[in-house]
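Colleague: I'm new to this one and keep tripping over the labels. Could you walk me through what earns each of them?

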Amino acid sequence: MTSAMTPVTGTVHLLPQTRQLRALHTVIRDRNVGREDFVTSSGRIIRQLLEAGLDLLPFDSCEVLTPVGRTYHGLRPAPGICGVSVARAGESMESELRAILPGVRIGKILIQRDKVTKLPHLYYSALPADIDRRHVLLLDPMLATGGTALAAIDVLLDRGVEEDNIVFINLLSAPEGIDAVRARHPDLRIVTSAIEERLNENAYMLPGIGDFGDRYFGTDIVR
């Protein structure tokens with residue numbers, strides 16, 4: 001579902017809402033689904049998101065000879081791509097990125113939101129030394145209020161990354177979060193698989209998915 005106040009145009013890219021994608025969302029949104037199915041279905045969506053995000057980055061012309069001796073005028077990704085995951089939930093996206101781009105550099109940012117004030121606090125960052133010359137895939141499954149995303153973006157901008165060199169990859173986006181990011185960073189691109197209805201009074205997305213990190217890593221399981 002898309003919100004009337006958040007048109008999917010320009011810098012916001014929504015995956016095609018195919019039946020296959022909806023089926024995967026049905027699995028990961030089910031409160032009773034097992035962790036194995038949750039992880040597998042999430043990974044399939046993440047792979048689609050990453051491929052879509054990479055398609056927004058620069059490509060160089062490249063010619064190759066085919067096995068029958070003909071020239072194919074193709075493309076190859078321009079060098080200088082890196083991922084930056086927002087711990088902990090963003091770490092769920094790292095393995096899929098490495099599967100697509102073996103050897104890719106991945107930085108990490110740790111931001112935690114205060115449970116009472118809902119404000120984000122930066123605790124840690126480790127980024128490639130030359131990140132200011134790279135195109136960055138910023139990885140975080142959830143875009144709710146936008147507070148964590150904005151804090152992570154500020155870390156990248158402070159290290160010299162150009163706003164239009166950042167592509168923010170997430171599974172679910174709330175209209176409020178999209179609006180917050182676009183208001184501050186109009187040139188930053190967002191790739192998502194779903195735009196939710198809204199946030200509730202506790203800043204949870206509706207219809208939502210719960211705490212993605214807990215469900216993905218199994219820390220919501222009580223034995």
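Modeller: Let's go through the labels one at a time, keeping in mind that this is a predicted model.

Colleague: Rings to begin with, then. How many aromatic pairs are there?

Modeller: Searching the whole structure turns up 3 aromatic pairs. One of them is formed by F212 and Y216.

Colleague: What makes the pair of F212 and Y216 stacked?

Modeller: Two values decide it. The centres are 5.7 Å apart, and a pair needs centres within 6.5 Å. The planes are 20 degrees apart, and planes under 30 degrees apart count as stacked. So F212 and Y216 pair, and the pair is stacked.

Colleague: Where do F212 and Y216 sit relative to each other along helix 6?

Modeller: Helix 6 covers residues 212–217, and F212 and Y216 are 4 residues apart in it, so about one helical turn separates them. Right after that comes the pair of Y216 and F217.

Colleague: And why is the pair of Y216 and F217 called edge-to-face?

Modeller: Their ring centres are 5.0 Å apart and their planes stand at 75 degrees. Planes over 60 degrees apart count as edge-to-face, so that label applies here. Ring pairs also link F38, F212, Y216 and F217 into a cluster.

Colleague: Are F212, Y216 and F217 buried, exposed or partly exposed?

Modeller: F212 has a relative accessible area of 2% and Y216 has 12%. Buried means under 20%, so F212 is buried and Y216 is buried as well. F217 has 29%; with buried being under 20% and exposed over 50%, F217 therefore counts as partly exposed.

Colleague: On to the pocket. How much space lies in the largest pocket?

Modeller: About 1000 Å³. There are 33 residues lining the largest pocket, and R113, M142, T148, Y204 and D211 are the closest to its centre.

Colleague: Which element gives the most to the lining of the largest pocket?

Modeller: Strand 5 does, with 4 residues. Elements that each supply at least two residues of that lining include strand 4 (81–87), strand 5 (105–113) and helix 4 (147–158). Sorted by kind, the lining residues are 15 nonpolar, 10 polar and 8 charged.

Colleague: Now the nonpolar cores. Which residues touch the most other members of the largest nonpolar core?

Modeller: L50, L137, I169 and L171, out of 32 residues in that core. Among the elements giving two or more residues to this core are helix 1 (19–29), helix 2 (35–55), strand 9 (166–173) and helix 6. Helix 2 gives the most, with 6 residues.

Colleague: What does L50 touch, leaving out residues up to four places away in sequence?

Modeller: L50 touches M93, E96, L97, I100, L137, L139 and I169. Apart from the largest nonpolar core lies another core of 25 residues, with V12, I109, A149 and L188 among them.

Colleague: Which peptide bonds are cis?

Modeller: One cis peptide bond joins A87 and R88, with omega about 5 degrees. R88 is in the loop between strand 4 and helix 3. Another cis peptide bond joins L206 and P207, where omega is about 5 degrees. P207 belongs to the loop between strand 12 (205–206) and helix 6.

Colleague: What is the phi of A203?

Modeller: Phi is near 65 degrees, a positive value in a residue other than glycine. A203 lies in the loop between strand 11 (198–199) and strand 12. At 13% relative accessibility, A203 is under 20% and so counts as buried.

Colleague: Last label: how do you know that V116 is exposed?

Modeller: V116 has a relative accessible area of 72%. Exposed means over 50%, so V116 is exposed. V116 lies in the loop between strand 5 and strand 6 (120–126), and its C-alpha atom is 9.9 Å from that of N202, 86 residues apart along the chain.

Colleague: And what makes P79 exposed?

Modeller: P79 comes out at 68% relative accessibility, which is over 50%, so P79 counts as exposed. P79 is found in the loop between strand 3 (71–77) and strand 4. The C-alpha atoms of P79 and H135 are separated by 8.7 Å, with the two residues 56 residues apart along the chain.

Definitions and conventions:
Residues numbered from 1 in each chain as written. Predicted model: local features only at pLDDT ≥ 70, side-chain atom pairs only at ≥ 80, totals over all residues. Heavy atoms only, no water. Phe/Tyr/Trp six-rings, centres within 6.5 Å; stacked < 30°, edge-to-face > 60°. Buried < 20%, exposed > 50% of the residue type's maximum accessible area, 1.4 Å probe, protein only. 1 Å grid on protein atoms, 1.4 Å probe; cavity = no way out; pocket = protein on both sides within 12 Å on 5 of 7 lines; lining within 4 Å. Points joined across faces, edges and corners; volume = space filled by probe spheres on them. Nonpolar A, V, L, I, M, F, W, Y, C, P; charged D, E, K, R; others polar. Core = buried A, V, L, I, M, F, W, Y, C linked by side-chain atoms within 4.5 Å. Contact = heavy atoms within 4.5 Å.
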